[in-house]
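Open the model in your viewer and follow along. The tour starts with the whole chain and then moves to a single residue.

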Amino acid sequence: MTAFRVVLLPGDGIGPEVTEQARWVMAFAADAHGHSLTLETHPIGAAAYRQTKKALPPATLQAATRAAAVFLGAVGDPTLTDAPHEERPEAGLLALRKALGAFANLRPVKPYPSLALRSPVRPERLADVDLLVVRELTGGLYFGQPRFKDPDRAVNTMKYGIDEIERIARVAFQAARGRRKKVTSVDKANVLEVSLLWRETVTTVAKQFPDVELEHMLVDTAAMRLIEQPARFDVLLTENLFGDILSDEASVLSGSLGLLPSASVGGGVGLFEPVHGSAPDIAGQGIANPYGAILSGAMLLRHGLELEDAARQVERAVERAIADAVLPHDLGGTATTQECGDAVIARM
């Protein structure tokens with residue numbers, strides 16, 4: 001038996017509710033395959049700021065960097081108005097990603113056939129959709145300097161170095177090798193110098209992967225084709241801002257943002273979180289969709305702990321629960337957050 005130490009960061013809004021379901025499913029799956037998880041909880045985001053005046057307290061960061069993997073529920077609280085910019089909940093999350101060296105965000109999108117009518121996209125366009133967004137996570141507009149806001153102007157800086165582009169491109173090409181062997185690199189090379197460097201560098205890296213097809217696509221075209229022809233994509237490689245937007249757009253293919261998991265990897269410790277936000281308007285009502293969090297737990301088992309069989313068991317159980325119409329409110333059902341989690345465990 002192997003014991004793994006996993007840090008849970010429930011965060012804000014519905015974060016604690018969905019994290020609780022992911023906790024039990026991950027522990028159940030690991031135990032079923034002869035392993036154990038030591039799960040410890042630490043604050044982050046608005047919850048942490050209210051306790052410590054820090055969105056990412058030093059104790060939380062220390063625990064995260066020493067863990068085998070980190071699971072995050074959600075951050076964000078619109079009622080937190082007194083925190084300075086550097087202590088906003090989202091700033092705490094960005095700082096955590098940076099500290100962990102988690103530069104590659106993986107967001108798979110594979111619609112469930114039983115939910116085809118929940119998507120605003122026509123069902124026939126969803127056939128055979130199975131794509132992966134590989135988003136660079138620690139550079140670009142979100143981190144570039146200088147950045148400031150004066151009363152009459154504001155500045156943000158988009159910046160990338162060749163080394164940053166090369167390492168995220170390698171992640172995308174490696175992922176494509178295990179899939180359908182196609183990478184679509186998204187940029188805005190007709191306008192931005194950063195995108196010119198991005199395109200040149202990705203083209204160079206592609207030569208190391210002759211078995212993988214590469215195409216370049218402008219971000220506006222990619223946004224359009226994600227809805228018109230989603231099945232044409234295999235791996236989408238993007239910089240930080242474009243990936244943030246496109247991966248949320250891709251969520252409509254599945255029928256709900258609440259279904260999508262993500263993994264942030266590349267450093268020594270991976271960070272795993274559902275794509276959805278903190279949804280404070282439904283927090284505490286027991287109606288949040290936990291499937292994205294549970295599937296993020298599956299990604300933690302796979303990418304963080306290398307427990308592939310346990311990860312597949314979780315994913316199959318979620319698919320069966322959805323096929324059996326155990327659906328939360330955002331998918332048109334009446335199942336509570338707890339009932340969805342129980343349904344997954346019952347099918348494992």
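Helices (H or I, at least four residues) and strands (E, at least two) are DSSP runs, numbered from the N terminus. Colour the protein chain by these: twelve helices and twelve strands appear. This is a predicted model, where local features need pLDDT of at least 70, side-chain atom pairs count only at pLDDT 80 or more, and totals for chains, interfaces and linings use all residues. Residues are numbered from 1 along each chain as its sequence is written, and side-chain values use heavy atoms, with hydrogens and water left out.

Zoom out to the C-alpha trace. Along its principal axes the trace spans about 50 × 50 × 40 Å.

Next, colour by burial. Buried means under 20% relative accessible area, exposed over 50%, partly exposed in between (1.4 Å probe, protein chains only). Of the 348 residues in the protein chain, 53% are buried.

Now show contacts (heavy atoms within 4.5 Å). Among those in the protein chain with a separation of 6 or more, 75% join residues 24 or more positions apart.

Select Lys188. Where does Lys188 sit? Its place is the loop between β8 (182-187) and α7 (193-206). Is Lys188 buried or exposed? Lys188 counts as buried because its relative accessibility is 18%.

Add the surroundings. Beyond neighbours within four places in sequence, Lys188 is in contact with Ser195, Leu218, Val219, Asp220 and Phe242.

Finish on Asp220. A polar contact is a pair of N or O atoms within 3.5 Å; within protein, one must be able to donate a hydrogen and the other to accept it, and residues adjacent in sequence count only if both atoms are side-chain atoms. One such contact, of 3.0 Å, links the side chains of Asp220 and Lys188.
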